Amino acid sequence: MNVDGSDKRQLTKEDFRLLNQPSWSPDGRFIIAKKHFTTGRSLGTGEVWLYHVSGGGGVPLVKKASEVLQKELGEPIYAPDGKSLFYTKNVTPGPIFEYAQDSNTDLFNIERYDLETGEVSTAVSGAGGSVRPTPSPDGKKIAFVRRERAKTKLYVRDLASGEERKIYDALDEDMQETWAVSGVYPNMAWTPDGGSVVFWAGGKIRRVNAADGAAAEIPFHVDDTRVVIDATHPQIEVAPDRFTTKMPRWAAVSPDGKQVVFETLGKLWAKPVAGGGAARRLVSSDEAEFELFPSWSRDGKTVVFVGWTDAGLGHIRTVAAAGGAAKDVMAQPGHYASPRFSPDGKTIVFERQRSGGLTSSRWSQDPGVYRVAASGGTAVRIARGAAEPQFGASDERVFMLMEDKGKLQLVSTDLSGQAKHVHATGEMVNDFQIAPDGQNVAFRQNYEAFVMPLLPGTQDVSVDEKGGPLPVTRVSGEGAEFINWSGNGRHVHWSLGPTLFTADTDALYANAPAAADAPKDAGKFKPPETGLSLSMEVAADKPTGVVALTGARIITMAAKDGGIIPDG
C-alpha cells in the first residue's frame with residue numbers, strides 16, 4: 001500500500017498459517033516474513049519465508065528444526081546489502097515450549113542467514129537474550145533488545161569488533177518468557193543517517209542517539225473515532241436451589257437410533273431421541289463411582305463403560321440397556337478409557353493409559369490398546385502407542401489411532417496386533433471415528449466434524465477438511481465433540497455443549513458430479529442448526545450444619561499492627 005494507507009493490495013493468500021513481521025529487501029523486489037506453524041498445542045514455531053512483490057506462494061528460507069518444535073523463531077529483517085537476513089530464535093534445549101523461562105539466561109539469539117550459501121551463524125547472543133534485530137543503514141552495527149534482571153534495555157553491537165553498548169534503559173518489558181508469535185518487542189528502525197534509533201516505549205514513539213544515548217520523544221497524534229458502549233451486567237443468581245446442566249460428555253446414540261446414553265455429573269443417563277422423554281439413570285451403583293466412556297453393543301442390548309473411584313481405580317463394566325446393576329468384565333483395575341464392543345459382541349477392546357498427575361500411579365504400567373472377552377477373562381494387548389480402539393464391519397480387525405511424525409493416523413490390525421494397515425493420515429486431524437459398516441469415516445479438525453468415504457484395503461489416504469483424494473463433507477455447523485454413529489452407519493452424530501446433532505449419511509455426497517451450469521452450492525449439504533438437548537435441571541448440593549474453626553490467629557488488617565486476634 002501507499003505510505004498514506006491507500007491502495008492496499010493483498011500479497012499472500014494464507015488460509016490457515018499466521019503470517020506477520022514483514023521486511024522489505026533493499027532493492028524492493030522481495031518481502032520476507034515470519035510464518036507461524038502450530039503443533040498439537042496452539043503454541044508453535046516460525047519459519048522465514050520470502051515472497052516476490054507481485055505475489056506467489058512464497059519460498060521457505062529458514063525452516064523449523066522439526067515437526068514437533070514449539071520454540072519461537074521470528075522477527076526477520078534484511079541486512080542493508082541484501083545478501084543476508086537476521087532473525088530471532090529461541091535457543092533453549094528441547095522442542096517443548098515452556099512458560100516463565102528465566103530471561104536472565106541466554107533464551108534468544110539473533111542469527112544470520114546467508115542468502116547465497118544458506119549458511120546460518122550466530123550474530124548476537126548473551127545473558128538476557130538478544131531480540132528484535134535492527135541493522136544500521138551501513139550494515140556495520142545492529143541494534144537489539146536485551147533483558148537485565150527485570151528491565152528491558154536497548155543495545156547496539158558493532159558487528160566487526162563485537163563491542164556492545166547500552167544506549168537506552170527504559171523500554172517496556174519484552175516478551176521473552178511468553179508466547180511471542182507477533183514478535184518479542186515492537187519494530188524499531190534507524191534514521192537514514194545511521195545516527196539514531198527510533199523505537200516505541202511507554203506509549204510513545206522515541207529516538208535515541210546511538211553515540212551518546214541522548215533520547216527524545218517524537219510527538220504524534222491520531223485523529224480517530226471510537227464507539228464506547230455500556231458493558232453488560234447480567235444478573236447471576238448466587239447458590240440457586242436448582243441448576244441446568246450444560247456439559248454432557250460421550251453422548252452415544254443406540255444402533256436403532258431410539259436412545260442416547262451420555263454422562264452428566266459423573267453418572268450415565270439414557271434418554272429417548274424422539275418424543276421428548278425424560279432422561280433416566282442407567283446404572284444402579286455405588287454413588288461414589290464415576291461412570292465414563294459409554295458405548296453400545298451392536299445389538300443395542302448392552303452398554304460398556306468405565307467405572308472409576310480414586311481408591312479402586314478404573315474397571316471395564318457392562319450394564320443392560322434397560323438399566324440396572326453393572327458388572328465387572330475383569331477383576332484387574334487400571335486407568336482405562338474408550339471401551340468398544342466387537343460387532344458380534346463377543347470381544348471388548350479398550351485403552352489402557354498411564355496415570356495422570358492427579359491419579360494414583362498404581363496399575364498404570366504397559367499402556368496400549370487391549371482386548372478381553374466380553375464374558376470376562378484376562379486382557380491381551382493388541383498394540384502399543386495406540387488409542388481409541390474401534391471396529392468397522394469386521395470382528396477380525398481393530399481400528400486405532402496412532403501418530404507418525406506429528407500426524408494422526410487411522411490404522412487397523414488383526415486381533416493380535418499384526419497385519420497393520422494405515423487407512424488415513426491427517427496433519428491437523430485430532431480424531432477418527434469409523435462407521436459401523438466400514439463405508440465412511442468421520443474425523444474432527446479445527447473443532448468441526450467431517451465425513452469422507454473410507455476405502456477398503458491398505459490405501460493410506462491423506463485427510464484434510466478441504467478435501468483431496470476423496471470428497472469431504474463438513475457436517476457440523478459451529479463445532480463438534482464426541483462423534484458417533486448409529487443405524488449401521490446411516491446416521492452420524494456429534495455434540496456441541498448440551499445439544500446432540502444428527503446427519504443422514506445419504507445426504508452427504510452427490511451421486512454424480514454437478515452439472516456445468518449448476519449453482520455453486522447446488523446439492524451441498526447444510527449442517528443442522530437444531531438438535532436434541534441433553535440438559536437437565538437438577539437440585540444443587542448444599543451444605544448442612546455448621547463447622548467452626550477455632551483457635552486460629554486471625555490477621556484482620558483493621559489496624560496498623562495488623563488487627564491481630566490471637567485466639568479467634
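How many salt bridges does a search of the whole structure find? The search turns up 24, where a salt bridge is a side-chain nitrogen of Lys or Arg within 4 Å of a carboxyl oxygen of Asp or Glu.

Before you start clicking: this is a predicted model, in which local features need pLDDT of at least 70, side-chain atom pairs count only at pLDDT 80 or more, and totals for chains, interfaces and linings use all residues. Residues are numbered from 1 along each chain as its sequence is written, and side-chain values use heavy atoms, with hydrogens and water left out.

**Stop 1: a four-strand sheet**

Select β9 to β12. Strands here are DSSP runs of E with at least two residues, and helices are runs of H or I with at least four, numbered from the N terminus. The four strands make an open antiparallel sheet, ordered β9-β10-β11-β12. On the edges sit β9 (131-135) and β12 (164-171), each pairing on one side only. Going from one strand to the next, the twist averages 25°; axes are lines fitted to C-alpha atoms (for helices, over the stretch in contact), with angles from 0 to 180 degrees between N-to-C directions.

Now keep just β9 and β10 (residues 141-148): they run antiparallel and are joined by three bridges. Two strands pair if DSSP finds at least two bridges between them. Show Thr-134 and you'll find it opposite Ala-143 in β10.

**Stop 2: a salt bridge from β9**

Stay on β9 and pick Arg-132. Its side chain meets that of Glu-75 in a salt bridge, 3.4 Å from N to O. This pair links distant parts of the chain, with Arg-132 in β9 and Glu-75 in strand β5 (residues 73-78), 57 residues apart.

Are these two partners buried or exposed? Arg-132 counts as buried because its relative accessibility is 6%, and Glu-75 is buried too, at 2%. The cut-offs are under 20% relative accessible area for buried, over 50% for exposed and partly exposed in between (1.4 Å probe, protein chains only).

**Stop 3: two more pairs and a network**

Next, select Lys-542 and Asp-241. They form a salt bridge whose closest N and O atoms are 2.8 Å apart. Lys-542 lies in the loop between β43 (537-539) and β44 (554-555), and Asp-241 in the loop between β16 (215-218) and β17 (242-244), so the pair ties together parts that are 301 residues apart in sequence. Colour by accessibility and Lys-542 comes out partly exposed at 41%, while Asp-241 is exposed at 53%.

Then try Asp-328 and Arg-317, whose side chains meet in a salt bridge at 2.8 Å, N to O. Here the link runs from strand β25 (residues 327-328), which holds Asp-328, to strand β24 (residues 313-320), which holds Arg-317, and the two residues are 11 apart. Asp-328 is partly exposed, at 41% relative accessibility, whereas Arg-317 is buried at 13%.

For a group rather than a pair, select Arg-147, Glu-173, Asp-174 and Glu-177: salt bridges that share partners join them into one network.

**Stop 4: a covered strand**

Jump to β27 (residues 347-352). How many of its six residues are buried? Six of the six are. In a regular strand the side chains alternate between the two faces of the sheet. Try splitting your selection that way: Thr-347, Val-349 and Glu-351 point to one side, Ile-348, Phe-350 and Arg-352 to the other, and both faces are covered.

Add the neighbours. Strand β26 (residues 336-341) runs antiparallel to β27, with four bridges between them. In their hairpin, which has five residues between the strands, Gly-345 takes a positive phi near 75°. Strand β28 (residues 368-373) also pairs with β27 in the antiparallel sense, over six bridges. Centre on Val-349 to see both pairings: Arg-340 stands opposite it, and so does Arg-371 in β28.

**Stop 5: Arg-17**

Select Arg-17, in the segment before β1 (18-24). At 16% relative accessibility, Arg-17 counts as buried. Leaving out residues up to four places away in sequence, Arg-17 touches Lys-35, His-36, Phe-37, Thr-38, Glu-427 and Met-428, where contact means heavy atoms within 4.5 Å.
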